[in-house]
Amino acid sequence: MKRKKPSRKLLVKKLDKAVSEFVRKRDGCCVVCGSTYKLGCGHIFTRKNYSTRWDLQNCWCQCWSCNFYHSSVEPWKYFNWFITKFGQDKFDDLYRRHKQVVKFTNYDLEILLEEIKNG
């Protein structure tokens, strides 16, 4: 009996979860304030663009409060953290990649999921 392939929606959900788990384990605390309370995956550039949604240079551990505050009120503080840590050139490169239109096939998503899971 053939195994049914996961839907695109399910693959995206699994990738989001895998990246979040990876980032929280990698960083261990909020990169902005150092908190270890209610940690999640914060994105330098919004996750609506698939080109950098699962890019580990775009994803960093943030506490809920920093993630909410920086994404909605003052994103420049999060940007400044990144620029201070990695430099303006890396920020500019990430910004350019964020603006690219990338179309992932389900197969691409499956490969990316395996890469993230295998660290």
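**View 1. Val73 in the loop between helices H3 and H4 of the predicted model.** Val73 is partly exposed, with a relative accessible area of 49%. The flanking elements are helix H3 (64-72) and helix H4 (75-86). Between Val73 and Tyr50 there are 23 Å from C-alpha to C-alpha, for a sequence separation of 23 residues.

**View 2. The largest nonpolar core, with 15 residues.** Leu15, Val19, Val23, Trp54 and Leu109 are the members that touch the most other members. Two or more residues each come from helix H1 (8-27), strand E2 (59-63) and helix H6 (106-117). Helix H1 gives the most, six residues.

**View 3. Surroundings of Leu15.** With neighbours within four places in sequence left aside, Leu15 is in contact with Trp54, Leu109, Leu112, Leu113 and Ile116.

**View 4. A second nonpolar core, separate from that of View 2.** This core has nine residues, among them Tyr78, Trp81, Phe82 and Phe91.

**View 5. Cysteines Cys29 and Cys59, neither in a disulfide.** The structure holds zero disulfides. For Cys29, the nearest cysteine sulfur is that of Cys61, 6.7 Å away. Cys29 counts as partly exposed because its relative accessibility is 26%, and the buried class requires under 20%. For Cys59, the nearest cysteine sulfur belongs to Cys41, at 4.0 Å; a disulfide would need the two sulfur atoms within 2.5 Å. Cys59 has 0% relative accessibility and therefore counts as buried.

Key: Residues are numbered from 1 along each chain as its sequence is written. This is a predicted model: local features need pLDDT of at least 70, side-chain atom pairs count only at pLDDT 80 or more; totals for chains, interfaces and linings use all residues. Side-chain values use heavy atoms; hydrogens and water are left out. A nonpolar core is a set of buried Ala, Val, Leu, Ile, Met, Phe, Trp, Tyr and Cys residues joined through side-chain atoms within 4.5 Å. Buried means under 20% relative accessible area, exposed over 50%, partly exposed in between (1.4 Å probe, protein chains only). Helices (H or I, at least four residues) and strands (E, at least two) are DSSP runs, numbered from the N terminus. Contact means heavy atoms within 4.5 Å.
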